[in-house]
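Please open the model in your viewer and keep the sequence panel beside it, since the stops below are given by chain and residue number.

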Amino acid sequence: MSVAIEAIRPEARAANAGTRSGVAAPAALAAAFVAAAAVAAAVAPVWLSIVAVFVFAGPHNWIEARYFLARLPGRWGRSRGFFSLAIGGSTAMTALYVAMGPVARAFELGDAGAGALIATWATLAIAWLVAIVAVLGRQVNGDWTWAVPVGLLAVAFAWWSPGLWWLGLVYGHPIVALVFLDRELRRRPNMRRAVRWLYASLPVVLAGIWIASASGNSPAGLDGLTMRIADHAGATILPSVPDRLLVATHAFLETVHYGVWVIAMPFIGFRSAPWRLSGVPLWRRSRISALAVTMILAGGGVLVAVLWGAFAIDYGTTRDVYFTIAMLHVLVEAPFLVRLLSPRGALDVS
Amino acid sequence: MTSNLRRIAIATFCCALWCVLPTATGADIARPDNPNGAKSVPRPSRNDQLVTIEIEGTDGWQGYLYIPESMLAVDATSQPAGMSAAGTTISGVALSLSIVFGGLWLAKSRKRLGTQATVTAASILIVLVGTATYALANASPYPLANVGTLRKAAPNGDPLKGQVRLIKVADDGEKKIRLVLPREGT
């Protein structure tokens, strides 16, 4: 159909060609980024993991915070319950997550005890998510009861293998960014098509990384940092899988995740420059909320600088602390994702 | 159902049978001996205990091996660690309730799944079940000893050899052997 229109209307063809040429450069850039990340992950997985976290961890959190603040409505109205549950729940679940380590050490829990602790936390997190779906479902008069069996299935999995469940969170979180980007591109069909082709190529790229990593040596060095990176990627949970393959896979996915938030989102997901807070509905609501938004983002900016300094002083400890506290942004994404994927739900408030 | 969809469904079903049947019927057949002549590692009995080994560095000039008293005599009655009773119960109950509520949801919503959706879901399920059966058919019924980061102690597979002083310690509740080694240069 479009071909026929183009044949009849030369101006339409010219406009479409212009759009396509506008897509080509960003798509090529994105493909180059993915290719570079894949090569780095295959050749030097530990290096990529260290550098990517050092450079992008802080800024990507700040950009996520800015993105979600811009998607919060100025007045919550009927959504008050949803947003209260989302913010309160994610904060409480993060606090419980941070407390798990000290609790396990204080009570000298063995492997089985630690597994039960993770499974208990997972059960609470799943219950919270089901409640989020229920509140949103009631709000939009949609069916939400499917969330109960799905949640129970997730609980069964968490208790069957707490380690694998946690690993699912580690590897699943980077992929969530791809969903947000895809949704943001819904008004740019040509770009969305190009990005989806890139998404479709990711399994092939991953297969290439696995082939390159499976026969490679273990990540260089027996130092504590390398071991912690390998553990984070699941080396102790999946002992039969080569460490190098796990570290490479995780480093690659994490880098793509950072790329989406730090490089793509500021151009695609923001309707105004990140520092122009007038584009944030909550900022326009009242002086108090404007102050709160400003404080959150300014404080976040300071934290990014502090994080870089701490990484430079003691990378290993800072990395451990960061990945523990970073659970907050993992959890915050969940209710926004549910809202994004709900039948009538969109993050649009404008 | 259109003829194409029917063909896809039949092909998928045949593929699934091809994946599942050989692995299901051959799951208990022992693997062949190593053609290189190397002896395979003997399969442990179900009564074997899983032991945690912790290797530490020390600034001292000799090595120590700390062994809990109870581990010097093998406790043949102990069972290997697997899922805890609570974990098994909760997982089982949640799985059962999931199926029950899933069925209730399907009945209540009175949804009729379309042919395409059914074929897609069945294909995904069959591929997952087939892959899992293929990968896990020979899995040990008892948990694997998780070597963890210990493999880094011998990165090239070369044996490490030396003497350590054996020290019997009181039980601390966890079955853990501590190997304390002098750092390089001490």
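What percentage of the 350 residues of chain A count as buried? Select chain A to begin, bearing in mind that this is a predicted model: of its 350 residues, 31% count as buried. Colouring chain A by secondary structure shows 14 helices and zero strands, so that reading along the sequence gives one α after another from start to end. As for how the chain folds back on itself, 75% of its contacts with a separation of 6 or more join residues that lie 24 or more positions apart.

**A helix pair in chain A**

Next, select residues 80-106 and 111-139 of chain A, which are helices α4 and α5. Their axes lie 10 Å apart and the packing angle is about 180°, which means that α4(A) runs roughly antiparallel to α5(A), as angles over 145 degrees are classed in that way. Show the side chains where the two helices meet: α4(A) contributes, among others, A:F82, A:L85, A:M93, A:Y97 and A:V103, while the residues on the side of α5(A) include A:L117, A:W121, A:W128, A:I132 and A:Q139. Sorted by class, this contact has 19 nonpolar residues and four polar ones, with no charged residues.

**Two single residues in chain A**

From the pair, move on to A:G142, which is found in the loop between α5 and α6 (147-160) of chain A. Is A:G142 buried or partly exposed? A:G142 counts as partly exposed, because 13 C-beta neighbours lie inside 10 Å, and a residue would need 20 or more to be classed as buried. If you draw a distance from the C-alpha atom of A:G142 to that of A:L246, which is 104 residues away along the chain, the separation comes to 40 Å.

Now centre the view on A:V247, in helix α10 (residues 243-268) of chain A. A:V247 is buried, because 26 other C-beta atoms lie within 10 Å. Add A:P45 to the selection: although A:V247 and A:P45 are 202 residues apart in sequence, their C-alpha atoms are 6.0 Å apart in space.

**The sheet of chain B**

Switch to chain B and display its strands. In what order do the four strands of the open sheet lie? The order is β1-β4-β2-β3, and the pairing is mixed. The edges are formed by β1 (52-58) and β3 (164-169) of chain B, each of which pairs on one side only. Between neighbouring strands of this sheet, the average turn is 20°, with direction ignored. To look at one of the pairings in detail, select β2 (residues 63-68) of chain B together with β3(B), which pair in the parallel sense over six bridges; within β3(B), B:I167 is the bridge partner of B:Y66.

**Confidence**

Finally, recolour chain B by pLDDT. Chain B has an average pLDDT of 70, and 51% of the residues score at least 70. Among its elements, helix α3 (residues 85-109) has the highest mean pLDDT, at 88, and helix α1 (residues 3-25) the lowest, at 62. Two stretches deserve a separate selection: over residues 37-47 of chain B the pLDDT is below 50, and the model has five contacts for this stretch beyond near neighbours in sequence. Over residues 75-80 of chain B the pLDDT is also below 50, and there the corresponding number of contacts beyond near neighbours in sequence is nine. For the model as a whole, the scores are ipTM 0.74 and pTM 0.72.

Terms used:
Residues numbered from 1 in each chain as written. Chains lettered and ligands numbered in written order. Predicted model: local features only at pLDDT ≥ 70, side-chain atom pairs only at ≥ 80, totals over all residues. Pairing = 2+ DSSP bridges. Axes fitted to C-alpha atoms, helices over the stretch in contact; angles between N-to-C directions. pLDDT = per-residue confidence, 0-100. Contact = placed C-beta atoms within 7 Å. Parallel < 35°, antiparallel > 145°, perpendicular 65-115°, else oblique. Nonpolar A, V, L, I, M, F, W, Y, C, P; charged D, E, K, R; others polar. Buried ≥ 20, exposed ≤ 12 C-beta atoms within 10 Å, placed from the backbone.
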